[in-house]
Amino acid sequence: MEKLRIVFVAMVAFLLVLEGVHGICNVSNDGLMECKPCIQNDNPTDGPTTACCAALQNADFKCLCKYKDSYMLKTMDINSTRAMELPQLCNIPNAPVSCKSGKRGTPIN
């Protein structure tokens, strides 16, 4: 029963993102969707688009680190290792190079 509840919550969260209800960690839903093709597990693109990089310019990386090991990412077919490479690929100054492990990870510069 607990697994079913987790799957349901993840699906609702994913649908909210697709519907554009809100963004996360100072990244709009449109920005998140711009970045998805290069960080998905199945057939990722070679790199982030200009729109993806623009969306990450004001991202709250400390907040994003909290989602690094999230089950929701796996449900959405997001590769967290590729996602962690985006700040460097987008040449975002002072962006963290990694997050500590765990749900409450924080950026490490």
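# Notebook: a look around Gln40

I began with Gln40, whose side chain reaches the backbone oxygen of Asn43 at 3.4 Å. I count a polar contact as a pair of N or O atoms within 3.5 Å; within protein, one must be able to donate a hydrogen and the other to accept it, and residues adjacent in sequence count only if both atoms are side-chain atoms.

Before going on, I noted that this is a predicted model, where local features need pLDDT of at least 70 and side-chain atom pairs count only at pLDDT 80 or more, while totals for chains, interfaces and linings use all residues. I also noted that residues are numbered from 1 along each chain as its sequence is written, and that side-chain values use heavy atoms, with hydrogens and water left out.

**Entry 1: Gln40 and its surroundings**

I found Gln40 in the loop between H2 and H3. Helices here are DSSP runs (H or I, at least four residues), as are strands (E, at least two), numbered from the N terminus. Is Gln40 buried or exposed? Gln40 is buried, with a relative accessible area of 18%. My cut-offs are under 20% relative accessible area for buried, over 50% for exposed, and partly exposed in between (1.4 Å probe, protein chains only).

Leaving out residues up to four places away in sequence, I saw Gln40 touch Asp77, Ile78, Asn79 and Arg82. A contact means heavy atoms within 4.5 Å. I then followed Asn79, which caps the N-terminal end of H6. A side-chain oxygen of Asn79 lies 2.9 Å from the backbone nitrogen of Thr81. Just after H6, I noticed that Asn91 takes a positive phi of about 55°.

**Entry 2: the chain as a whole**

I counted six helices and two strands. From the N terminus on, they run α-α-α-α-α-α-β-β. Of the 109 residues, 30% count as buried. Among contacts between residues at least 6 apart in sequence, 60% join residues at least 24 apart. I also looked up the exposed surface: about 7,300 Å², with carbon and sulfur atoms supplying 55% of it. That area comes from the Shrake-Rupley method with a 1.4 Å probe; for residues, only the protein chains shown count as cover.

**Entry 3: the disulfides**

How many disulfides does the structure hold? I found four, taking a disulfide as a pair of cysteine sulfur atoms within 2.5 Å. With bonded cysteines counted along the chain, the pattern is 1-5, 2-3, 4-7, 6-8.

I looked at three of these links, including the one that joins Cys25 to Cys63 (S to S 1.9 Å). Its torsion about the S-S bond is about -60°, so this disulfide is left-handed. Cys25 lies in the loop between helix H1 (2-19) and helix H2 (29-39) and Cys63 in helix H4 (residues 61-65), so the pair ties together parts that are 38 residues apart in sequence. Cys25 is buried, at 9% relative accessible area.

Next came Cys53 and Cys90, joined with an S to S distance of 2.0 Å. At -75° about the S-S bond, this link is left-handed. Cys53 is in helix H3 (residues 50-56) and Cys90 in the loop between helix H6 (80-89) and strand E1 (98-99), so parts 37 residues apart in sequence are tied together. Both cysteines are buried.

Then I turned to Cys65 and Cys99, whose sulfur atoms are 1.8 Å apart. This link is left-handed, with -70° about the S-S bond. The pair connects Cys65 in helix H4 with Cys99 in strand E1, 34 residues apart. I found both Cys65 and Cys99 buried.

Which cysteine sulfur is nearest to that of Cys38? It is that of Cys52, 4.8 Å away, and Cys38 is in no disulfide. Cys38 is buried, with a relative accessible area of 7%.

**Entry 4: the nonpolar core**

I noted a general point: in soluble globular proteins, nonpolar side chains tend to be buried together. A nonpolar core is a set of buried Ala, Val, Leu, Ile, Met, Phe, Trp, Tyr and Cys residues joined through side-chain atoms within 4.5 Å. In the largest one here, of 18 residues, Leu56, Leu86 and Ile92 touch the most other members. H2, H3 and helix H5 (71-75) are the elements that give two or more residues to this core, and H3 gives the most, with four residues.

I followed Ile92 further: not counting residues up to four places away in sequence, Ile92 touches Cys53, Leu56, Gln57, Phe61 and Pro87.
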